[in-house]
Amino acid sequence: MSLKFKVKVPGTSANIGVGYDCLGVALDYALELEVEESEKTEFFENGEPFSIPIKDNFINEAINHTKKYLSSDIPNCRVNITKNSIPLSRGLGSSSSAIVAGILIANTFAKNELDIDKIADIAIEMEGHPDNVMPAIFGGMVLTACDEGKTVYSILPTADNLCFYVMIPNFKLSTEKSRSVLPKAYSAHDAVNNIAKLGLLVDSFIKGKYDNLRFLLGDKIHQPYRFSLINDSDKIFDFSKKHNALGEYISGAGPTLISLNYDNDEFLEAMKKDLATLSDKWSIEKKTINKKGAEVYDIEEI
């Protein structure tokens, strides 16, 4: 007898304004996989050989990494990616979703030896910081603190009246390059700015009151240094303000930008027109919060 099952992991948006490396949200993008035992480990995409070499495959790396924490032997497996709507290298958690998927694959073959908190610890260990992997696992908006080997997190009870207008350019920006422009130290003034605003930003999301959202998203730790890496980011934020969005921020390490607003198709169309005037090609789509997080389902014996 062998197992056959499906794994689904949402995309994420992290570094939400002042929530650098600690606040992220799951959005309704998805990585979906079908997994079954096999004579050798292979990866496919809709039945065709996967384009990413296995040595560079985060899913496979996460499966192998997770084996260290399991007492059960994990079989080789055939992994078929049936859907991946998460844009790659755009600051929407594509690597985090792959890491979470790999951990869940290994844990499912081990008959769920690991509890959800251990899964989270392994994901953070692999990713290096929690703001993408935690919402990918739990769904919703998640605030996480990690220090000295301890992790504390809260899944925020966010209101349902907020949409994320995701603006994705036709160029990539690596996390390494995006982090390289950050300073080695910050002033006390800038640190206090982010600390004060983060508490009020979380309160705003929980209560669904957005009057001061743009001000509370006003980060001094990472965004000012990354704007220069994202062509026309200042213009795009100005477009968003002009059309009365609630606020804007850089998603993850960029280059994706996000406008926060209510469900408003007129806003969406107005932004499309303005984005079309730029030298680079930008797409925009309206997304809502995924509150389910990662799922393993349709397990059957074959």
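A residue is called buried when its relative accessible area is under 20%. By that cut-off tryptophan 282, at 9%, is buried, and the tour will come back to it. The model on screen is predicted.

**Whole chain**

Start with everything selected. The protein chain contains 10 helices and 12 strands. Computed along the principal axes, its C-alpha trace spans about 60 × 40 × 35 Å. The radius of gyration is 20 Å; a compact globule of 302 residues would have one near 19 Å, so the two agree.

Switch to a surface. About 14000 Å² of the protein chain is exposed, and carbon and sulfur atoms supply 49% of that area. Of the 302 residues, 53% count as buried. Among contacts with a separation of 6 or more, 76% are between residues 24 or more positions apart.

Colour by charge next. There are 33 positive and 43 negative side chains in the protein chain. The centres of these two sets lie 4 Å apart.

**Tryptophan 282**

Select tryptophan 282, which lies in strand 11 (residues 282-287). Leaving out residues up to four places away in sequence, tryptophan 282 touches Met167, Ile168, Pro169, Phe171, Ile230, Asn231, Ile236, Pro255, Leu257 and Leu275. For a long view, add glutamate 48: its C-alpha is 29 Å from that of tryptophan 282, and the two residues are 234 apart in sequence.

**Proline 255 and serine 233**

From the neighbours of tryptophan 282, pick Pro255. Proline 255 lies in the loop between strand 9 (247-250) and strand 10 (257-261). Show the backbone here: the peptide bond joining glycine 254 and proline 255 is cis, with omega about 5°. Most peptide bonds are trans.

Leu257, also on the list for tryptophan 282, leads to serine 233. Serine 233 touches Leu257 and Phe227, again not counting residues up to four places away in sequence. Serine 233 lies in helix 9 (residues 233-242). Is serine 233 buried or exposed? Its relative accessible area is 2%, so serine 233 is buried.

**Two positive phi values**

Most residues other than glycine have a negative phi. Select aspartate 21, in strand 2 (residues 19-37). Its phi is positive, near 60°, and the residue is not a glycine.

Then go to glutamate 148, in the loop between strand 6 (141-147) and strand 7 (150-156). Glutamate 148 also has a positive phi, of about 50°. With 79% relative accessibility, glutamate 148 counts as exposed.

**The cysteines**

Finish with cysteine 22 and cysteine 146. How many disulfides does a search of the whole structure find? The search finds 0. Cysteine 22 is in no disulfide, and the nearest cysteine sulfur belongs to cysteine 146, 9.7 Å away. A disulfide needs the two sulfur atoms within 2.5 Å. Why is cysteine 146 without a bond to cysteine 22? The sulfur of cysteine 22 is the closest cysteine sulfur to that of cysteine 146, and at 9.7 Å it is too far for a bond.

Compare their surroundings on the surface. Cysteine 22 is buried because its relative accessibility is 14%. Cysteine 146, with a relative accessible area of 36%, is partly exposed.

How values were computed
Residues are numbered from 1 along each chain as its sequence is written. This is a predicted model: local features need pLDDT of at least 70, side-chain atom pairs count only at pLDDT 80 or more; totals for chains, interfaces and linings use all residues. Side-chain values use heavy atoms; hydrogens and water are left out. Buried means under 20% relative accessible area, exposed over 50%, partly exposed in between (1.4 Å probe, protein chains only). Helices (H or I, at least four residues) and strands (E, at least two) are DSSP runs, numbered from the N terminus. The radius of gyration is taken over C-alpha atoms; the globule rule is 2.2 Å times the number of residues to the power 0.38. Contact means heavy atoms within 4.5 Å. Accessible areas come from the Shrake-Rupley method with a 1.4 Å probe; for residues, only the protein chains shown count as cover. Lys and Arg count as positive and Asp and Glu as negative; His and the chain ends are not counted. The place of a charge is taken as NZ of Lys, CZ of Arg, CG of Asp or CD of Glu.
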